[in-house]
Amino acid sequence: MKEAPGESVIRQRMRKIHWKAQFTKSLKIAVAAALSIALAGELGLNYSSTAGIITILSIRNTKRETLKSAGNRGLAFLCALLLSAACFRLIGYNLWAFGVYLLLFSLFVLSVGWGEALANVSVLVSHFLTERNMGLGEVANETLLFLIGTGTGILVNLHLHKNQIKFDRLAEEADAQIKEILRRMSHWLPREDKSEYDSECFAHLEKALDAAKICAAANYNNAVRSGSQLELDYIEMREKQSVLLREIYNNIVRIQYLPEQALQVAALLGQIERDYHRENTVEGLLERLEALLLQMKEQSLPQSREEFEARAILFYILMQIRNLLELKKEFLTCHFSHTNTS
């Protein structure tokens with residue numbers, strides 16, 4: 001199928017964003033690892049390169065993930081010290097002891113969901129086997145390596161913060177796609193020939209919502225203190241609306257016979273498109289919808305089977321529109337106590 005002109009632009013933009021993110025993370029890893037190794041070397045620690053490896057394994061995409069990972073690794077490291085001390089003391093400093101330690105430690109960290117700590121913590125424990133000793137000096141050496149590696153990984157992610165401007169831009173792109181879908185619905189509903197009315201706009205909307213959702217999740221995980229789910233809930237609301245919009249589209253293309261009510265429903269869709277913005281409480285639109293439903297109930301009964309089927313589809317479309325508007329009203333009620341109607 002031929003690619004829509006706008007789709008190629010979206011693909012190019014997403015590739016550019018992905019490349020920038022990958023380059024930034026790679027640069028961050030390289031610099032942080034080098035700094036860890038340099039610091040460990042300046043302190044005269046043995047196996048200083050291990051600090052760089054720990055830093056690499058500690059860096060995550062968001063601040064919240066980095067801190068959570070560091071906490072899990074810290075607890076795992078303490079458990080590994082106790083477990084390896086018992087194994088080396090009872091069995092000796094040999095491969096058998098290290099193998100028993102790995103078996104028990106692996107079972108423990110995997111059972112509690114700390115699997116990410118298995119590799120780097122066990123590398124530190126392997127140094128005790130190499131030194132054939134687990135005295136205070138050796139434990140201090142490995143502890144400092146762990147603290148330097150993990151601490152540097154945390155420090156390089158302290159700059160991460162919510163990108164409100166980026167989310168607003170992506171959310172506006174998704175909203176623009178929804179407005180376009182509503183505009184096309186208003187245009188095509190009162191037309192008998194719908195052969196050129198395709199559903200490609202929903203693919204564009206899905207991509208826009210996915211991009212905004214990724215940004216909202218990153219913002220949530222980088223706002224360690226506030227952790228507001230407003231942006232995530234907003235995108236979830238729009239995703240639910242997109243499902244309803246696709247159902248409305250499927251019903252519109254089914255309509256062959258056009259009763260006079262088709263123009264009324266199309267006008268309502270056009271009004272929703274014109275009033276569409278993030279702060280709209282939709283109360284006025286819900287009132288207009290209810291008035292239209294009441295008006296349709298008072299109209300004369302269908303005179304033919306074709307008219308009956310068409311009006312039944314139109315009535316179902318109105319029910320879907322009501323659900324669409326109720327989703328927005330519920331979102332605003334949940335997150336805001338004082339809003340102005342449009």
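# Legends to close-up views of the predicted model

**Figure 1. Arginine 132, with a positive phi near 55°, follows helix H5.** This view, like those below, is taken from a predicted model. Helix H5 covers residues 118–131. For its 14 residues, a rise of 1.5 Å a residue gives an expected span of 20 Å, and the end C-alpha atoms of H5 are indeed 20 Å apart, so the two values agree. Asn120, Val121, Ser122 and Leu124 are among the buried residues of H5, which also include Val125, His127, Phe128 and Leu129. The cover over these buried residues includes H2 and helix H3 (63–91), together with helix H4 (95–112) and helix H6 (136–155).

**Figure 2. Threonine 50 of helix H2 and its contacts.** Helix H2 comprises residues 49–58, and threonine 50 is one of them. With a relative accessibility of 8%, threonine 50 falls under the 20% cut-off and therefore counts as buried. When neighbours within four places in sequence are left aside, threonine 50 is in contact with Val123, Leu124, His127 and Leu145. Of these partners, Leu124 and His127 are themselves listed among the buried residues of H5, and Leu145 is among the buried residues of H6.

**Figure 3. Tyrosine 47 in the loop between H1 and H2.** Although tyrosine 47 is not a glycine, its phi is positive, at about 60°. The relative accessible area of tyrosine 47 is 27%, which lies between the limits of 20% and 50%, so the residue is classed as partly exposed. Asparagine 141 is in contact with tyrosine 47, as well as with Leu45 and Asn46, when neighbours within four places in sequence are set aside.

**Figure 4. Helix H6 and its buried residues.** The 20 residues of H6 should span 28 Å at 1.5 Å a residue, and because the end C-alpha atoms are 28 Å apart, the model agrees with this expectation. Asn141, Glu142, Leu145, Phe146 and Ile148 are among the residues buried in H6; Gly149, Thr150, Thr152 and Gly153 are buried as well. Asparagine 141, which lies in this helix, has a relative accessibility of 10%, under the 20% cut-off, and so counts as buried. H6 is also included in what covers the buried residues of H5.

**Figure 5. The largest cavity and its lining.** A search of the whole structure finds one cavity of 30 Å³ or more, and the space in the largest cavity is about 110 Å³. Its lining is made up of 15 residues, and those nearest the centre are Arg238, Ile272, Tyr276, Val282 and Leu325. Helix H7 (164–188), helix H9 (230–252) and helix H12 (305–335) each contribute at least two residues to this lining. Sorted by class, the lining holds nine nonpolar, three polar and three charged residues.

**Figure 6. Valine 282 in the loop between helix H10 and H11.** Helix H10 covers residues 261–274. The phi of valine 282 is positive, at about 60°, although the residue is not a glycine. With 5% relative accessibility, valine 282 is under the 20% cut-off and is therefore buried. Valine 282 is also one of the residues that lie nearest the centre of the largest cavity.

**Figure 7. Glutamate 290 in helix H11 and its distance to leucine 318.** Helix H11 is formed by residues 283–298. Because its relative accessible area of 36% lies between 20% and 50%, glutamate 290 is partly exposed. Glutamate 290 and leucine 318 are separated by 28 residues in sequence, and their C-alpha atoms are 9.2 Å apart in space.

**Figure 8. Overall chain and model confidence.** The secondary structure of the protein chain consists of twelve helices and zero strands. Of its 342 residues, 41% count as buried. Among contacts with a separation of 6 or more, 78% join residues 24 or more positions apart. The mean pLDDT of the chain is 84, and 89% of the residues score at least 70. Among the elements, helix H1 (residues 5–42) has the lowest mean pLDDT, 71, whereas H4 has the highest, 93. Across residues 1–7 the pLDDT is below 50, and this stretch has seven contacts in the model beyond near neighbours in sequence. For residues 338–342 the pLDDT stays under 50, and the model has seven contacts for them beyond four places in sequence. Predicted coordinates should not be read in detail where pLDDT is low.

How values were computed:
Residues are numbered from 1 along each chain as its sequence is written. This is a predicted model: local features need pLDDT of at least 70, side-chain atom pairs count only at pLDDT 80 or more; totals for chains, interfaces and linings use all residues. Side-chain values use heavy atoms; hydrogens and water are left out. Helices (H or I, at least four residues) and strands (E, at least two) are DSSP runs, numbered from the N terminus. Buried means under 20% relative accessible area, exposed over 50%, partly exposed in between (1.4 Å probe, protein chains only). Contact means heavy atoms within 4.5 Å. The expected span of a helix is 1.5 Å times one less than its number of residues. pLDDT is the predictor's confidence in each residue, from 0 to 100. On a 1 Å grid over the protein atoms alone, a cavity is a set of points where a 1.4 Å probe fits but cannot get out, and a pocket is an open set with protein on both sides within 12 Å along at least five of seven lines; lining residues have an atom within 4 Å of a point. Grid points are joined across faces, edges and corners, and a volume is the space filled by probe spheres set on the points. Ala, Val, Leu, Ile, Met, Phe, Trp, Tyr, Cys and Pro count as nonpolar, Asp, Glu, Lys and Arg as charged, and the others, Gly among them, as polar.
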